[in-house]
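Open the model in your viewer and keep the selection panel handy. We will move from one selection to the next, and at each stop I will point out what is there.

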Amino acid sequence: EFDIIELLSSHAGQIFSKEQIYELLWGYDSEGEASVVAEHIRRIRVKLAAAGARACVETVWGVGYRWAR
């Protein structure tokens, strides 16, 4: 989860697909599915909301995710 936050926040405003996030963090050769990224994003949102932070991770429907500026 931290790696996803780091990736998105260091490229604020840039949209990353689930597949891009998966490949950048776990590599091409990793076994698994890009759909796991959606679950990690959900957990990140829950934790940020519990901490009182604003919604930082935005969903761009049909494209992917980005860190809000």
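Select Arg42 first; you will find it in helix α3. With a relative accessible area of 44%, Arg42 is partly exposed, because partly exposed covers values between 20% and 50%. Now add Asp3 and draw a C-alpha to C-alpha distance: Arg42 and Asp3 are 14 Å apart in space, with their positions 39 residues apart in sequence. Please keep in mind throughout that this is a predicted model.

**Next selection: His40**

Stay in α3 and pick His40, which lies in that helix. Is His40 buried or exposed? Its relative accessibility is 16%, so His40 counts as buried. Show the surroundings of His40 and leave out residues up to four places away in sequence: His40 touches Glu1, Ile4 and Trp26.

**Next selection: helix α1**

Colour residues 2–10, which make up helix α1. Which residues of α1 are buried? They are Ile4, Leu7 and Leu8. Look along the helix axis: these three cover an arc of only 90 degrees around it, which puts them on the same side of α1. The spacing fits a general rule: an α-helix has 3.6 residues a turn, so residues three or four places apart point the same way.

To see what covers the buried residues of α1, switch on α2 (18–26), α3 (36–50), β1 (57–60) and β2 (64–67), which are included in that cover.

Then turn the view around. The face of α1 directed away from its buried side carries the exposed residues Phe2 and Ser10. Click on Phe2, which has its place in helix α1; Phe2 counts as exposed because its relative accessibility is 59%. For a long-range distance, add Gly62: Phe2 and Gly62 are 24 Å apart from C-alpha to C-alpha, and 60 residues apart in sequence.

**Next selection: α1 with α3**

Hide everything but these two helices. The axes of α1 and α3 come within 10 Å and cross at roughly 85 degrees, and α1 and α3 are therefore roughly perpendicular to each other. Show side chains for the residues that make this contact: Ile4, Ile5 and Leu8 on the α1 side, and His40, Ile41 and Ile44 on the α3 side. Sorted by class, the contact of α1 with α3 has five nonpolar residues, one polar and no charged.

**Next selection: α1 with α2**

Swap α3 for α2. Here the axes of α1 and α2 come within 11 Å and cross at roughly 115 degrees. That makes α1 roughly perpendicular to α2. The crossing of these two helices, α1 and α2, is right-handed. To see the residues in contact, pick Asp3, Ile4, Leu7 and Leu8 in α1, which meet Ile21, Leu24, Leu25 and Trp26 in α2. The class count for the contact of α1 with α2 is seven nonpolar, no polar and one charged.

**Next selection: α2 with α3**

Bring α3 back and hide α1. What is the angle between α2 and α3? They pack at about 90 degrees, and their axes are 9 Å apart. α2 and α3 are therefore roughly perpendicular to each other. On the α2 side, select Lys18, Ile21, Tyr22 and Trp26; they meet Val36, Val37, Ala38 and His40 in α3. By class, the contact of α2 with α3 has six nonpolar, one polar and one charged residues.

While α2 is on screen, choose Glu23, which is found in that helix. Glu23 is partly exposed, with a relative accessible area of 35%. Draw a line from Glu23 to Thr59: their C-alpha atoms are separated by 18 Å, and the two residues are 36 apart along the chain.

**Last selection: Ser17**

Finish in the loop between α1 and α2, where Ser17 is found. Ser17 is buried, because its relative accessible area is 15% and buried means under 20%. What does Ser17 touch, not counting residues up to four places away in sequence? Switch on Val63 and Gly64, and you have the residues that Ser17 touches.

How values were computed. Residues are numbered from 1 along each chain as its sequence is written. This is a predicted model: local features need pLDDT of at least 70, side-chain atom pairs count only at pLDDT 80 or more; totals for chains, interfaces and linings use all residues. Side-chain values use heavy atoms; hydrogens and water are left out. Buried means under 20% relative accessible area, exposed over 50%, partly exposed in between (1.4 Å probe, protein chains only). Helices (H or I, at least four residues) and strands (E, at least two) are DSSP runs, numbered from the N terminus. The arc is that of the directions from the helix axis to the C-beta atoms. Contact means heavy atoms within 4.5 Å. Axes are lines fitted to C-alpha atoms, for helices over the stretch in contact, and angles run from 0 to 180 degrees between N-to-C directions. Angles under 35 degrees count as roughly parallel, over 145 as roughly antiparallel, 65 to 115 as roughly perpendicular and the rest as oblique. A crossing is left-handed if the near helix is turned anticlockwise from the far one by less than a right angle, and right-handed if clockwise. Ala, Val, Leu, Ile, Met, Phe, Trp, Tyr, Cys and Pro count as nonpolar, Asp, Glu, Lys and Arg as charged, and the others, Gly among them, as polar.
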